[in-house]
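Reader: I am new to reading protein models. Could you take one part and look at it closely with me?

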Amino acid sequence: MARLDVTEKFQGISFPGHLHTKDSLEFAVSFLFKDTDVLIVSYPKSGTTWMQEIVTLVSSRGDPQFSRTVPNWARAPWLEHYYCAAVLEASSPERRIITTHLPYHLLGPALQGSKAKVIYVSRNPKDVAVSFYHFHKIANFLPEPGSFHEFLDHFLEGTLYYGSWFDHIKGWTSHTEAINNLLHITYEQMSLDLHGTIKKVSSFLQCPLVEDEVNNCVKHSSFSSMRDNNMINYTLVPKDIMDHSKGSFMRKGEIGDWKNMFTEEQNQYFESVFTSKMQGCTLEFVWEK
Ligand code: A3P
């Protein structure tokens, strides 16, 4: 299957032009947020889709009806996708759930002064790199990944589509004073304590749930439940965009898969770049289970 890869360069960062046009990126960075909006922010492969499912389920008090009948890109559209404006206009929900991979320096100004609730989702970057590498193989709107070694170099240099992981996490976690409502959740928290994470999200969204409702959210956002739900596992996406014969979007869902992929040398190089780029950053990461 031929790649649809067309690069849209926007303010120095490469984006998949098949999904994000200059107009749609302009639309995103000048978006007028409402105080009732919920914005899920992440670098790709950090647990974005998982959080979309959690927020949908929490908002429907654990009832899976909505998340089993409406695809995730329609219930929590990506702000920078070309169809976002149309989806938001057509659905006009009481509480808009919006998703973005944009870095803080591009989207922060639009959020300034807004009371929209922002959930920032992060994941340890070694697992992000491995997950993103495998995703490049099935996502025809992204460039060919090449070897893992080459891909890892691009990841560490910040030259992949969507820009640098380092800039993304540092940008969104170091400007908390400029954003009124920001909750930082990690993939590893979701994985190690899904029940507790759902309670945290429900409290942040001011959507208190009783225990049975929390348990329903846990059940329907488990890896197996999402893997089998075609409204969230991306199998509805046409093959020319995502080729599931080359791998699954719901791939492994584990902490520490990087250990199966990194050589000792790659790990040492990663550590040295990580230490230098994250200097002064106090965030802690869970690297393995
Ligand atoms: P892997 O490729 O490591 O399996 P994103 O939604 O940001 O693109 O992230 C995708 C990653 O989240 C994939 O990681 C996917 O398997 C994982 N994921 C999605 N839902 C999950 C769940 N319910 N439990 C665990 N991992 C999940």
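What covers the buried residues of H10? Please start there, then move outward.

Author: A word first: this is a predicted model. Now to the helix you picked.

H10 spans residues 194-204. Its buried residues are Leu-194, Thr-197, Ile-198, Val-201, Ser-202 and Phe-204. Look down the axis of H10, and these buried residues fall within an arc of 160 degrees, so they line one face of the helix. There is a general pattern to keep in mind here. An α-helix has 3.6 residues a turn, so residues three or four places apart point the same way.

Now your question. The cover over the buried residues of H10 includes two strands, S5 (117-122) and S6 (181-186). It also includes the helices H2, H9 (187-192) and H11. Then look just past the end of H10. There Gln-206 takes a positive phi of about 55 degrees. For background, most residues other than glycine have a negative phi.

Next, follow the chain to Ser-221. This residue sits in the loop between H11 (211-220) and H12 (223-227). Is Ser-221 buried or exposed? Its relative accessibility is 1%, so Ser-221 counts as buried. Set aside its neighbours within four places in sequence. Ser-221 is then in contact with Trp-50, Glu-53, Ile-54, Leu-57, Leu-194, Ile-198 and Met-226. Two of these names should ring a bell. Leu-194 and Ile-198 are among the buried residues of H10.

H2 covers residues 48-59. Between strand S3 (38-42) and H2 there is a loop, and Lys-45 is in it. Lys-45 is not a glycine, yet its phi is positive, about 75 degrees. Lys-45 has a relative accessible area of 11%, so this lysine is buried.

On the other side of H2, find Phe-66. This residue lies in the loop between H2 and H3. At 39% relative accessibility, Phe-66 counts as partly exposed. Neighbours within four places aside, Phe-66 is in contact with Thr-56 and Arg-75. Compare its place with that of His-149. The two are 83 residues apart along the chain, and their C-alpha atoms are separated by 41 Å.

H3 leads us on to H4. In H4 (residues 84-91), Cys-84, Val-87 and Leu-88 are buried. Seen down the axis of H4, they fall within an arc of 95 degrees, so they line one face of this helix too. They pack against helix H1 (22-29), helix H3 (72-75) and strand S4 (97-100). Turn H4 around. The face away from the buried side carries the exposed residues Ala-86, Glu-89 and Ala-90. Just after H4 comes Ser-92, with a positive phi of about 25 degrees.

His-149 belongs to H7, which runs over residues 148-157. Which residues of H7 are buried? They are Phe-148, Phe-151, Leu-152, Phe-155 and Leu-156. Down the axis of H7, these fall within an arc of 135 degrees, so they line one face. Their cover includes H6, H8 and H13. Gly-158 follows H7, and its phi is positive, near 80 degrees.

Two of those covering helices also meet each other. The axes of H8 (residues 165-173) and H13 (residues 264-277) come within 11 Å. They cross at roughly 35 degrees, and H8 passes H13 in a right-handed crossing. From H8, the contact uses Trp-165, Phe-166 and Lys-170. From H13, it uses Val-273, Phe-274 and Lys-277. By class, that contact has 4 nonpolar, no polar and 2 charged residues.

Before H13 there is one more stop. Tyr-234 lies in the loop between H12 and H13. Phi of Tyr-234 is positive, near 70 degrees. With 7% relative accessibility, Tyr-234 counts as buried.

Last, stay with Trp-165. Beyond its neighbours within four places in sequence, Trp-165 is in contact with Tyr-43, Arg-123, Pro-125, Val-128, Phe-155, Phe-274, Met-278 and Phe-285. Phe-155 is one of the buried residues of H7. Now widen the view. The largest nonpolar core has 91 residues. Those with the most contacts inside it are Met-51, Ile-119 and Trp-165. Helix H6 (residues 125-138) gives the most to this core, with 7 residues.

Conventions: Residues are numbered from 1 along each chain as its sequence is written. This is a predicted model: local features need pLDDT of at least 70, side-chain atom pairs count only at pLDDT 80 or more; totals for chains, interfaces and linings use all residues. Side-chain values use heavy atoms; hydrogens and water are left out. Buried means under 20% relative accessible area, exposed over 50%, partly exposed in between (1.4 Å probe, protein chains only). Helices (H or I, at least four residues) and strands (E, at least two) are DSSP runs, numbered from the N terminus. The arc is that of the directions from the helix axis to the C-beta atoms. Contact means heavy atoms within 4.5 Å. Axes are lines fitted to C-alpha atoms, for helices over the stretch in contact, and angles run from 0 to 180 degrees between N-to-C directions. A crossing is left-handed if the near helix is turned anticlockwise from the far one by less than a right angle, and right-handed if clockwise. Ala, Val, Leu, Ile, Met, Phe, Trp, Tyr, Cys and Pro count as nonpolar, Asp, Glu, Lys and Arg as charged, and the others, Gly among them, as polar. A nonpolar core is a set of buried Ala, Val, Leu, Ile, Met, Phe, Trp, Tyr and Cys residues joined through side-chain atoms within 4.5 Å.
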